[in-house]
Amino acid sequence: MDDKGAVASLALHAVIEPIFKDLELEDRNIAAVQTLRSAFTKAEKCHPGLSQQFLGGVLDAEGVVLNLHEVLLRLAGSECPEYVISADIVEFQLLQKKATTLKIKLSHIPDQIQDRSEFLQTIRDIASAIKEVLDAVNELSQNHQDLPRMSEYKKTLDNQKRVFVRSSRSFSDTLKKYFKDGRAEHVYISANRLINHTNTLLATYKSISS
């Protein structure tokens with residue numbers, strides 16, 4: 001496992017982390033909360049998807065019937081501090097903007113998937129957004145090779161970019177299958193995977209710029 005690899009998980013950062021923050025604001029046992037946060041982060045890094053499995057287990061134990069894949073996809077458009085690049089550099093902010101646009105478009109899938117014409121337009125918009133994210137990544141890498149941590153993270157970034165491209169192609173293949181079998185659940189899962197890989201890129205560039 002690459003130690004420089006960022007942890008990207010909507011279940012962890014969009015659902016579980018806000019709970020930790022609420023507990024801290026309530027002045028609960030802060031040390032215990034921080035220990036739990038650290039444990040979840042380490043576990044998610046060692047076993048990607050564990051946080052989502054945990055949430056699914058809790059919902060099952062409580063008898064709550066909920067499509068967790070759909071819920072997480074709807075949350076993808078919300079802002080998570082873990083994936084926000086604060087560096088005041090044009091190319092970094094461009095990547096942030098393009099990645100956010102992609103995630104928002106993906107998060108609209110559950111509302112649009114039943115309307116074929118609207119969904120087809122969304123698919124075209126997503127394809128354009130994916131290309132713009134890749135263009136932003138390439139521009140950033142080319143224009144800021146001199147950043148102290150860019151060379152340090154080069155191998156990690158190259159791998160994450162390849163994974164992002166594979167995930168994009170997999171998403172496209174899933175869409176083709178959807179128009180044959182109508183299984184929206186598979187689209188949600190594939191979209192969430194693409195979002196996680198987008199967030200991984202953002203988190204890594206955030207580390208580079210910090």
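# A selection-by-selection tour

Start by selecting Tyr 153, which lies in the loop between α7 and α8. Remember throughout that this is a predicted model. Is Tyr 153 buried or exposed? Tyr 153 counts as buried, at 7% relative accessibility. The cut-off for buried is under 20%. Now add Val 163, 10 residues along the chain from Tyr 153. Draw a distance between the two C-alpha atoms: they are separated by 15 Å.

**Stop 1: α8 against α9**

Select residues 154-181 for helix α8 and residues 184-209 for helix α9. Two packed helices are described by the angle between their axes and the distance between the axes. Here the angle is about 165 degrees, and the axes are 9 Å apart. Which way do the two helices run relative to each other? Angles over 145 degrees count as roughly antiparallel, and α8 and α9 are therefore roughly antiparallel to each other. The crossing of α8 past α9 is left-handed. Colour the contact of α8 with α9 by residue class: 13 residues are nonpolar, 12 are polar and two are charged.

**Stop 2: α4 against α9**

Keep α9 on screen and add α4, residues 68-75. The axes of α4 and α9 come within 9 Å. They cross at roughly 45 degrees. An angle of this kind falls outside the parallel, antiparallel and perpendicular ranges, and α4 and α9 are therefore oblique to each other. The crossing of α4 past α9 is left-handed.

**Stop 3: the domains**

Colour residues 10-62 as domain 1 and residues 85-209 as domain 2. How far apart are the centres of domain 1 and domain 2? Taken over C-alpha atoms, 25 Å separate them.

Two long-range pairs are worth drawing here. Pick Ile 30, found in helix α2. Ile 30 counts as partly exposed, at 32% relative accessibility. Arg 183 is 153 residues from Ile 30 in sequence, and the C-alpha atoms of the pair are 43 Å apart in space.

Next, pick Asp 60 in helix α3, residues 50-61. Asp 60 is exposed, with a relative accessible area of 62%. Measure from Asp 60 to Tyr 205: the two are 145 residues apart in sequence and 36 Å apart in space, C-alpha to C-alpha.

**Stop 4: salt bridges**

Switch to side chains. Side chains of opposite charge can pair when their charged atoms come close. How many salt bridges are there when the cut-off is 4 Å between nitrogen and oxygen? The count comes to seven. Three of them follow, beginning with Glu 17 and Arg 37.

Select Glu 17 and Arg 37. Their side chains meet in a salt bridge, at 3.0 Å from N to O. Glu 17 lies in helix α1 (residues 10-25) and Arg 37 in helix α2 (residues 30-46), so this pair ties together parts that are 20 residues apart in sequence. Glu 17 is buried, with a relative accessible area of 7%.

Now select Asp 111 and Arg 74. They form a salt bridge with the closest N and O atoms 2.8 Å apart. Asp 111 sits in helix α6 (residues 109-112) and Arg 74 in helix α4 (residues 68-75), so the pair links parts 37 residues apart in sequence. Asp 111 counts as exposed, at 54% relative accessibility. Arg 74 is partly exposed, with a relative accessible area of 38%.

Move to Asp 135 and Lys 131. Their side chains meet in a salt bridge, at 2.9 Å from N to O. Where do Asp 135 and Lys 131 sit? Both are in helix α7 (residues 116-143), four residues apart, which means about one helical turn separates them. Asp 135 counts as partly exposed, at 37% relative accessibility. Lys 131 counts as exposed, at 53%.

To finish, go back to Glu 17 and Arg 37 and add Glu 24. Salt bridges that share partners join Glu 17, Glu 24 and Arg 37 into one network.

Technical notes:
Residues are numbered from 1 along each chain as its sequence is written. This is a predicted model: local features need pLDDT of at least 70, side-chain atom pairs count only at pLDDT 80 or more; totals for chains, interfaces and linings use all residues. Side-chain values use heavy atoms; hydrogens and water are left out. Buried means under 20% relative accessible area, exposed over 50%, partly exposed in between (1.4 Å probe, protein chains only). Axes are lines fitted to C-alpha atoms, for helices over the stretch in contact, and angles run from 0 to 180 degrees between N-to-C directions. Angles under 35 degrees count as roughly parallel, over 145 as roughly antiparallel, 65 to 115 as roughly perpendicular and the rest as oblique. A crossing is left-handed if the near helix is turned anticlockwise from the far one by less than a right angle, and right-handed if clockwise. Ala, Val, Leu, Ile, Met, Phe, Trp, Tyr, Cys and Pro count as nonpolar, Asp, Glu, Lys and Arg as charged, and the others, Gly among them, as polar. Domain bounds come from an automatic or database domain assignment.
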